[in-house]
Amino acid sequence: MANILCIGAGYVGGPTMAVIAQKCPEHRVVVVDINEARIAAWQTDNLPIYEPGLLEVVRRVRGKNLIFSTDVDGAIREADIIFVSVNTPTKMFGQGAGRAADLQYWEKTARQILRNSTTSKIVVEKSTLPVRTAEAMENILNSNRGLHFDVLSNPEFLAEGSAIRDMQNPDRVLVGARETPSGQKALQTLVDIFAHWVPRERIITTNLWSSELSKLVANAFLAQRISSINAISALCEKTEADVKEVAHAIGLDSRIGPKFLNASVGFGGSCFKKDILNLVYLCDYYSVPEVGAYWEQVVRMNEYQEHRFVANMLTAMFNTVAGKRIALFGAAFKAHTSDTRESPALAVCRGLLEERADVVLTDSHALDNARADLGKDAQRVTFELDPYKAAAGAYAIAVLTEWPYFAELDYEAIHNSMVKPAFIFDGRNILNHRRLFEIGFNVYAIGKPPLVHFA
Ligand code: NAD
Ligand code: UGA
């Protein structure tokens, strides 16, 4: 039996530890956080994050071998293996501001582990970190007191909305370690945990630096596909090509593959932008600025796509939206999550507020987070759970999150309740555009010729 601890009970710490507890009933798993409200919520059925299937897993193991606590110091003392899953946002001050990772939470955790440890431990980097962070971690942890800490890298690849499925059936698990006898022993301990349910050939082991860098590179490649297809969507709109048809045609080439080619209003989420900017910063730091400039363009293309969406709305709606009610369908950065961090929906919302539109935001799970993330702009937004009420009296609808229920609404009834001419902007290409046009909407979709009733 091992005492496993995870520091940080967020989108990663909560789901990953719940699955480890479920798959390894002989181990005791404790998840701690300094955020008392978050820990309190993990102890109820009203979990702090919405994630399909998560509550079922938590209910099975909570109070048995999964414990949520705010006693960080006490939990460190008892732990054999410590996963660190604290947030590593973009640094907003000083050197590297706007690009480098802000490692203050990370370093505080390292010092806290050292302060409270009376036995040697394995410390696992679960957070996404700049390459070579493990070296700093080792230097802090092994600085005194005669204890020995092995630092491993085990980046997390789960996506929100499918976190439980991704954890239970991962494409791969990656573990990086020092090539010393002690590092390799620690690595084997971690591999044995995942081997409870992950086929051994899908557990990849590398050196520490490859593991750390692979996480940033994986996110950069995923985001790059979206920016690539979004770049093509702008060209499609000028040429009457259809981006869905282009994506299908290129995706059938097995060397390209069909996934992550959905053109959209832009990618959001807490990680793509921050991790690519971190990669760009590292490229400058290690004096390969051309490589940094190459990757930075992925983020710039995403910003262009968000701006372009608002600009297209404005142009279509006779160059003014001031005082017009506009219903935004979706606030979450993707479907099946309540997370609104870096959501393109909020970028579009802010763009429309600048144009003095009267914005109504509707989403089944993300309105509370949207309200908090919008800060003082929230005062100028109406939050409405019911999409029919949101659309009533509106001049336009913009679909910004690919929630399946948006495709299943009664658009005939919605059209009847709107100001004419009624516009619909599909930022996710999930609606039946031909049908909407027949109902009477003027339809604008990403990367497709518009379907409009006037010349
Ligand atoms: P999060 O903000 O949801 O959770 C981090 C938690 O750590 C917070 O609850 C915070 O209170 C806690 N924390 C911070 N400092 C602490 C301390 N000293 N002691 C105890 N708790 C502390 O973040 P997240 O989305 O779970 O991401 C965590 C890391 O995982 C990041 O590095 C992120 O890049 C990476 N990651 C995230 C995802 C994702 O889908 N969200 C996926 C893969 C990797
Ligand atoms: C992403 C990665 O997919 C995970 O592997 C990674 O672990 C995680 O980031 C992380 O490091 O945080 P996540 O951001 O949760 O996961 O969600 P994705 O499914 O990757 O979607 C990201 C954004 O891209 C969403 O806004 C989504 O709507 C958008 N997207 C995705 C598109 O616009 N088009 C696509 O084809 C796919």
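**Exercise 1. Place Asn-230 in the chain, decide whether it is buried or exposed, and list its contacts.**

Step 1. Find the element. Asn-230 sits in helix α9, residues 208-239. Helices here are DSSP runs of H or I with at least four residues, strands are runs of E with at least two, and both are numbered from the N terminus.

Step 2. Check the cover. Buried means under 20% relative accessible area, exposed means over 50%, and partly exposed lies in between (1.4 Å probe, protein chains only). Asn-230 has 1% relative accessibility, so it counts as buried.

Step 3. List the partners. A contact means heavy atoms within 4.5 Å. Not counting residues up to four places away in sequence, Asn-230 touches Asn-262, Ala-263, Ser-264, Gly-266, Asn-302 and Gln-305.

A note on the model before going on. It is predicted: local features need pLDDT of at least 70, side-chain atom pairs count only at pLDDT 80 or more, and totals for chains, interfaces and linings use all residues. Residues are numbered from 1 along each chain as its sequence is written, chains are lettered from A and ligands numbered from 1 in the order in which they are written, and side-chain values use heavy atoms, with hydrogens and water left out.

**Exercise 2. Do the same for Val-280, then give its distance to Gly-10.**

Step 1. Val-280 belongs to helix α11, residues 272-285.

Step 2. Its relative accessibility is 1%, so Val-280 counts as buried.

Step 3. Leave out residues up to four places away in sequence. Val-280 then touches Arg-99, Gly-292, Trp-295 and Glu-296.

Step 4. Go from C-alpha to C-alpha. Val-280 and Gly-10 are 26 Å apart in space and 270 residues apart in sequence.

**Exercise 3. Which class of exposure fits Ala-311, and how far is it from Thr-90?**

Step 1. Ala-311 is part of helix α12, residues 289-316.

Step 2. Read the value. Ala-311 has 38% relative accessibility, so it counts as partly exposed.

Step 3. Ala-311 and Thr-90 are 221 residues apart in sequence. Their C-alpha atoms are 28 Å apart in space.

**Exercise 4. Inspect the backbone at Glu-240, Phe-318 and Pro-421.**

Step 1. Start with Glu-240. It lies in the loop between α9 and α10 (243-251). Its phi is near 65 degrees, a positive value in a residue other than glycine. Glu-240 has a relative accessible area of 66%, so it is exposed.

Step 2. Move to Phe-318. It is in the loop between α12 and β9 (325-329). Phi of Phe-318 is near 60 degrees, again a positive value in a residue other than glycine.

Step 3. Finish with Pro-421. A cis peptide bond joins it to Lys-420, with omega about -5 degrees. Pro-421 is in the loop between α16 (411-416) and β13 (423-426).

**Exercise 5. Describe Asp-426 and its surroundings.**

Step 1. Asp-426 is in strand β13.

Step 2. Its relative accessible area is 1%, so Asp-426 is buried.

Step 3. Set aside neighbours within four places in sequence. Asp-426 is then in contact with Phe-309, Val-399, Leu-431, His-433, Tyr-444, Ala-445 and Ile-446.

Step 4. Thr-401 is 25 residues from Asp-426 along the chain, and their C-alpha atoms are separated by 9.4 Å.

**Exercise 6. How many residues has the largest nonpolar core, and which helix gives the most to it?**

Step 1. Fix the term. A nonpolar core is a set of buried Ala, Val, Leu, Ile, Met, Phe, Trp, Tyr and Cys residues joined through side-chain atoms within 4.5 Å.

Step 2. The largest such core has 65 residues. Among those with the most contacts inside it are Leu-352, Ile-397 and Phe-441.

Step 3. Helix α13 (residues 344-354) gives the most to this core, with six residues.

Step 4. A second, separate core has 44 residues, including Ala-2 and Val-175.

Step 5. Look closer at Ile-397. Beyond four places in sequence, its contacts include Ala-327, Tyr-411, Met-418 and Phe-425.

**Exercise 7. Sum up the whole chain.**

Step 1. The chain holds 17 helices and 14 strands.

Step 2. Buried residues make up 55% of its 455 residues.

Step 3. Test the radius of gyration, taken over C-alpha atoms; the globule rule is 2.2 Å times the number of residues to the power 0.38. A compact globule of 455 residues would have a value near 23 Å, and the chain has 24 Å, which agrees.

Step 4. Along the principal axes, the C-alpha atoms fill a box of roughly 80 × 50 × 45 Å.
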